[in-house]
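I opened the model to look up a few items and keep a short record of each. The entries follow in the order in which I took them.

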Amino acid sequence: MKAAHRLLKEDGAIWVIGTYHNIYRVGKLLQDIGFWIINEIIWEKNNPMPNFRGVRFTNAHETLIWAKKSEGGKYTINYHAMKPFNDGKQMRSVWNLPICKGKERIRVDGERVHSTQKPMALLYRAILSSTNPGDVILDPFFGTGTTGAAAKILHRKWIGIEQDKYYIPIAKKRIDQIQPEEYTIQAFDIKDKKRLAPRVPFPHLLEYGLIKPGQSLYFNQNPKQTAVVKPNGNLLYNGFEGSIHQTAKHILKGKPGNGWLHWFFADKKGEFLSIDILREIIRNDLNEPTE
Ligand SMILES: C[S@@+](CC[C@H](N)C(=O)[O-])C[C@H]1O[C@@H](n2cnc3c(N)ncnc32)[C@H](O)[C@@H]1O
C-alpha cells in the first residue's frame, strides 16, 4: 500500500491511485476488507514520461479506484453536474489529463520538490464529483498538499498526513496562499437540480404502493373537489377522466395546470399533503446509486 495515494471521505468513500506496481494488490486488499468498488478510473497522461531504456511500453496511465466501505449504503456522486467536463455528455472512466508540469510544479532553487506531485486537475475532478462543500477529506499521503489545495478552492475541509517532514511547510505554504472565492450556496452548490431529476409518471405512485387504486385526491386541498384514482393512474372527476394534468386543466376550465402541484391526498390524520411529496420519494429511490 505504501506508494498508493489515498483520499478518504467521511461517508466512507475512498479514492486510491497507483500504477501497475501496486494497484492490483491495493485493489485486492480493499476488497478483502469488504470495500465495494464504485469505479475504476484510468488517468490517461497526455504527456507521460518516456520509457528511456526502451524495454517496455511507455507507461502512460495511472489507475484510480473509487470505492466505498461496503456494498450497501449511500455515497456522493455529482453525476449530472460533472457532464460539462465531457462536453455535456456522461462522464466516462478514462480521464485524459496532463501530468503536473510548468508553473503548477512546485520547485525550490529550480529543483522539483516532489517527484510525484499530482496535477490539480485530477484532484479537483475527484473531489468535485464525489464530495459536497463542507465535507471532510482525509489524505494520508499528503506530499505537496494537492488534495488540500483543491479542497480549499472548492470549500471542502481537509486533513493531511505526511511522513516526510520536508514536505509539510511546503504544502502548508502552498495552501495558505490559496484564497478561495467567498462561499455562497448559489455559487458552489452543484448538486443535481430538480429539473435533472428522473421523470416519474403519476402511475408509478400506484406501482410503488404510495397511492392506492380507488383512493381519493383533492384539488387544491378542497374536499368538495374530489377525484378518484383509477388503477391506471387516471383520475375520475365528476364523470371526466384523464391524467392528473388533464383533470387539473378540466377543473381550471381549459387553463393548463401542473397536476403535481394541484392534487393532494389525505394522510392517516386526514391532513392534506401534496402528491409531489410522493414523487420525491420515488426520485430519491431512483437516485440511490446502484451497482
Ligand atoms: C504519491 S505522493 C503524494 C503526492 C501528493 N498527492 C502531491 O500531489 O504532492 C505520496 C506521499 O506519501 C508519503 N507517504 C508514504 N508513506 C507514508 C506513510 N506511511 N505515512 C504518511 N505519509 C506517507 C510520501 O512521503 C509521499 O510524499
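**Helix pair, ligand shell, domains**

I looked at the handedness of the H2 and H3 crossing first, and it is right-handed. I note here that the model is a predicted one.

I then took the geometry of the pair. The axis of H2, residues 120-130, comes within 9 Å of the axis of H3, and the two cross at roughly 55°. Angles from 35 to 65 degrees fall in the oblique class, and H2 and H3 are therefore oblique to each other.

Next I asked how far H3 is enclosed. H3 spans residues 146-153, and six of its eight residues are buried, so the rest of the structure largely encloses this helix. I counted a residue as buried when 20 or more other C-beta atoms lie within 10 Å of its own. I listed the buried residues of H3 as Thr146, Thr147, Gly148, Ala149, Ala150 and Ala151.

I checked the backbone past the end of the helix. His155, just after H3, has a positive phi of about 60°.

Which residues come nearest to the ligand? I found Phe141, Gly143, Thr144, Thr146 and Gln163, out of 16 residues around the ligand. Thr146 is thus on two of my lists, as it is also one of the buried residues of H3. I sorted the shell around the ligand by class and got four nonpolar, eight polar and four charged residues.

Last, I looked up the domains. Domain 1 covers 5-193 and domain 2 covers 203-287. Taken over C-alpha atoms, the centres of domain 1 and domain 2 are 46 Å apart.

Conventions
Residues numbered from 1 in each chain as written. Predicted model: local features only at pLDDT ≥ 70, side-chain atom pairs only at ≥ 80, totals over all residues. Buried ≥ 20, exposed ≤ 12 C-beta atoms within 10 Å, placed from the backbone. Helix = DSSP H or I, 4+ residues; strand = E, 2+ residues; numbered from the N terminus. Near = placed C-beta within 6 Å. Nonpolar A, V, L, I, M, F, W, Y, C, P; charged D, E, K, R; others polar. Domains from an automatic or database assignment. Axes fitted to C-alpha atoms, helices over the stretch in contact; angles between N-to-C directions. Parallel < 35°, antiparallel > 145°, perpendicular 65-115°, else oblique. Left-handed = near helix turned anticlockwise from the far one by under 90°.
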